[in-house]
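The following paragraphs lead the reader through a protein–DNA model, beginning with one pairing inside a sheet and ending at the surfaces that face the DNA.

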Protein chains: 2
Amino acid sequence: MTEDSPVRDEEAVRRFVEQIAMQFAEWGFPRMAARVLFALMTADEPGLTAGELGERLDASAAAISGAVRYLGQLRLVVREPVPGSRRDLYRLADNAWYVSASAEMGLYKSLIATSESVLEALGGPRSPARARVAEMRDFLLFLQDEMAGLLEKWNATRAAG
Amino acid sequence: MTEDSPVRDEEAVRRFVEQIAMQFAEWGFPRMAARVLFALMTADEPGLTAGELGERLDASAAAISGAVRYLGQLRLVVREPVPGSRRDLYRLADNAWYVSASAEMGLYKSLIATSESVLEALGGPRSPARARVAEMRDFLLFLQDEMAGLLEKWNATRAAG
DNA sequence: CACTGATTTCACAAACTCGTGAAAGATGCG
DNA sequence: CGCATCTTTCACGAGTTTGTGAAATCAGTG
């Protein structure tokens, strides 16, 4: 029987960070950025300094620098200067999941635009090729709409619960 | 004013294939697989042989072989032997978008499982780290559920329209 | 206004991905 | 059965990506 211990198992947490970061990486997310993301997520502190991140992940300062810059552009991590200290604190955006899901929707937009632009070149409206591309566009439009609604719903649930 | 010509603009179609394949590639999809996918989508023929794909994309037989194998594993493309010919025909799965979206949901499952497995190791239920990871898991569970509903809805709309 | 310590930038090296050509492996046809 | 043709496998090379160390930059502090 597994006990619900009140103490952290640091070793297990470290394994988790590496494991889930790899899963993100397989999906195209930069590896080091993923490791930083989950180091922040599993930290009990509200934020970590670049130095702390480097130490916990055993990575160079340069790698950390690149990763937090990347995460900052995605608005997943915010940088917070600490008054009276040279070190900045990096913390997860509180609505990180909402943000990252929203970002994905920008991708839909550009795929839709590209698809739209080729329809004319695909011959008569009844050509199989044109029908296929039009269906893809329709699917993306559908997803774009519905996902927006979903994210609203999630936000509402969060706020309530 | 752009005319709605009944003839294909092959050059424009070729540019489209390359452009949208690159957009997919940026997002982590193998480049050649994306090119094959869109070559099939924009073909007026119901399917193409490996040879035709190689010719249209100016790629080696080996590259085509790898790409269709990849697309086959994702169930995006089906291979169809042509009776009385050595050539097989590759055609897009008719429900390709449904399929690829469903595949993405497998990813959610494994992320959920990984997150679930670390909760115990994150100390007391009230620790900030544990709360963050639990929220991520909840978000993924939410998405998984809702997306399933969305895909049903899409299928229904398709069948009807 | 130097000094100290943190962070960023830069050039390079290791690892990985991707597509090619060549060789080996299938498969229909005579 | 063996030829002709198409497809897959394999080893290599080009091109990227990714993280490191070192140097440069930046910001508090005495």
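In this predicted model, Leu48(A) has Tyr90(A) as its bridge partner, and Tyr90(A) lies in β3(A). That pair belongs to the contact between β1(A) and strand β3 (residues 88-92) of chain A, which run antiparallel and are joined by two bridges. The wider arrangement in chain A is an open sheet of three strands, in the order β1-β3-β2, with antiparallel pairing. Because β1 (48-49) and β2 (77-81) of chain A each have a single partner strand, they stand at the edges, and one side of each is left without a neighbour in the sheet. Strands of a sheet pair through backbone hydrogen bonds, either parallel or antiparallel.

Chain B can be followed through its own strand pairings. There, β1(B) and β3(B) run antiparallel and are joined by two bridges; Thr49(B) has Leu89(B), in β3(B), as its bridge partner. Five bridges connect β2(B) with β3(B), again in the antiparallel sense, and Arg79(B) is partnered with Tyr90(B) of β3(B). These two strands, β2(B) and β3(B), form a hairpin with six residues between them. In the turn of this hairpin, Gly84(B) has a positive phi of about 70°.

The sheet is one part of a chain with helices as well. Chain A contains six helices and three strands, and their order along the sequence is α-α-β-α-α-β-β-α-α. What radius of gyration does chain A have, set against that of a compact globule of 161 residues? The globule would have a value near 15 Å, whereas chain A has 21 Å. The C-alpha trace of chain A spans about 65 × 40 × 30 Å along its principal axes. Of the 161 residues of chain A, 24% count as buried. Among contacts in chain A between residues at least 6 apart in sequence, 44% join residues at least 24 apart.

Within chain B, helix α2(B) is mostly covered, with nine of its eleven residues buried. The buried residues of α2(B) are Met32(B), Ala33(B), Ala34(B), Arg35(B), Val36(B), Leu37(B), Phe38(B), Ala39(B) and Leu40(B). They pack against helices α1, α3 and α4 and against strands β1 (48-49), β2 (77-81) and β3 (88-92), all of chain B. The buried residues of α2(B) thus pack against each of the strands named in the pairings of chain B above.

The two protein chains also meet each other. Chain A and chain B each bring 41 residues to the contact. On the side of chain B that touches chain A, the elements giving two or more residues are α1 (10-26), α5 (96-118) and α6 (128-160) of chain B. Of these, α6(B) provides the largest share, ten residues. By class, this side of chain B divides into 24 nonpolar, ten polar and seven charged residues.

How are the two copies related in space? Chain B superposes on chain A through a rotation of 180° with 0.0 Å of shift along its axis, at an RMSD of 0.2 Å. The copies are therefore related as by a two-fold rotation axis. In chain B, the C-alpha nearest this axis belongs to Gly28(B), at 2.5 Å from it. Both copies use the same surface, since 100% of the contact residues of chain B recur in chain A.

The DNA strands can now be considered in turn. DNA strand C is surrounded by 18 residues, and the closest are Ala62(A), Met32(B), Ser60(B), Ala62(B) and Ala63(B). At least two residues of the surface near DNA strand C come from each of α3 (50-57) and α4 of chain A and α2 (31-41) and α4 of chain B. Here α4(A) gives the most, with three residues. The surface near DNA strand C has eight nonpolar, five polar and five charged residues.

DNA strand D likewise has 18 residues around it, the closest being Met32(A), Ser60(A), Ala62(A), Ala63(A) and Ala62(B). The elements that each supply at least two residues of the surface near DNA strand D are α2 (31-41) and α4 (61-73) of chain A with α3 (50-57) and α4 (61-73) of chain B. In this case α4(B) gives the most, with three residues. By class, the surface near DNA strand D comprises eight nonpolar, five polar and five charged residues.

Conventions
Residues are numbered from 1 along each chain as its sequence is written. Chains are lettered from A and ligands numbered from 1 in the order in which they are written. This is a predicted model: local features need pLDDT of at least 70, side-chain atom pairs count only at pLDDT 80 or more; totals for chains, interfaces and linings use all residues. A residue is near a molecule or strand if its C-beta atom, placed from the backbone, lies within 6 Å of it. Helices (H or I, at least four residues) and strands (E, at least two) are DSSP runs, numbered from the N terminus. Ala, Val, Leu, Ile, Met, Phe, Trp, Tyr, Cys and Pro count as nonpolar, Asp, Glu, Lys and Arg as charged, and the others, Gly among them, as polar. Two residues are in contact if their C-beta atoms, placed from the backbone, lie within 7 Å. Copies are superposed by least squares on the C-alpha atoms of residues with pLDDT of at least 70 in both. A residue is buried if 20 or more other C-beta atoms lie within 10 Å of its own, exposed if 12 or fewer, and partly exposed in between; C-beta atoms are placed from the backbone. The radius of gyration is taken over C-alpha atoms; the globule rule is 2.2 Å times the number of residues to the power 0.38. Two strands pair if DSSP finds at least two bridges between them.
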